[in-house]
Amino acid sequence: MNLKRLIFLILGFLCLGLGCIGVALPILPTVPFFLATVICFANSSQKLHDWFVSTKLY
């Protein structure tokens, strides 16, 4: 795995975590973090991208 894919993978999981926290906290926006998750997962792994798009979060 090259460095670019690894960075996008880490950023994707970070944005996913922040988006899930934003569901419970009204101060933290949810949609921008989930959109960033889709972009990061699309650049890192097709399998993760397909999984996230098929969930009810997106």
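## A tour from His49 outward

Start by selecting His49: setting aside neighbours within four places in sequence, this residue is in contact with Val38, Phe41 and Ala42. Keep in mind as you look around that the model is predicted. His49 is part of helix α3. Now add Thr37 to the selection and draw a line between the two C-alpha atoms: His49 and Thr37 are 12 residues apart along the chain, and the separation is 8.6 Å.

**Next stop: the whole of α3**

Select residues 46-54, which form helix α3. Which residues of α3 are buried? Colour Leu48, His49 and Phe52, and you have them. Look down the helix axis and you will find that these residues cover an arc of only 100 degrees, which puts them on the same side of α3. Then turn to the other side of α3, where Lys47 and Ser54 are exposed. To see what covers the buried residues, show helices α1 and α2, which are among the elements that do so.

**Next stop: α2 against α3**

Select residues 31-44 for helix α2 and keep α3 on screen. The two helices pack at an angle of about 150 degrees, and their axes are 6 Å apart. α2 and α3 are therefore roughly antiparallel to each other. As for handedness, the crossing of α2 past α3 is left-handed.

Now show side chains where the two helices meet. On the α2 side, pick Phe34, Thr37, Val38, Phe41, Ala42 and Ser44; on the α3 side, pick Gln46, Leu48, His49, Trp51 and Phe52. Coloured by residue class, this contact splits into seven nonpolar and four polar residues, with no charged ones.

**Last stop: α1 against α2**

Leave α2 in view and select residues 3-24 to bring in α1. How far apart are the axes of α1 and α2? They lie 8 Å apart, and the helices pack at an angle of about 155 degrees. α1 and α2 are therefore roughly antiparallel to each other. Here too, check the handedness: α1 passes α2 in a left-handed crossing.

For the residues that meet, select Arg5, Phe8, Leu9, Leu11, Gly12, Phe13, Cys15, Leu16, Leu18, Gly19 and Cys20 in α1, then Phe33, Phe34, Ala36, Thr37, Cys40, Phe41, Asn43 and Ser44 in α2. Colour them by class once more, and the contact of α1 with α2 divides into 13 nonpolar, five polar and one charged.

To finish, centre the view on Phe41 of α2: Phe41 takes part in the contact with α1, is among the α2 residues that meet α3, and touches His49, where the tour began.

Note on methods:
Residues numbered from 1 in each chain as written. Predicted model: local features only at pLDDT ≥ 70, side-chain atom pairs only at ≥ 80, totals over all residues. Heavy atoms only, no water. Axes fitted to C-alpha atoms, helices over the stretch in contact; angles between N-to-C directions. Helix = DSSP H or I, 4+ residues; strand = E, 2+ residues; numbered from the N terminus. Parallel < 35°, antiparallel > 145°, perpendicular 65-115°, else oblique. Left-handed = near helix turned anticlockwise from the far one by under 90°. Contact = heavy atoms within 4.5 Å. Nonpolar A, V, L, I, M, F, W, Y, C, P; charged D, E, K, R; others polar. Buried < 20%, exposed > 50% of the residue type's maximum accessible area, 1.4 Å probe, protein only. Arc of directions from axis to C-beta.
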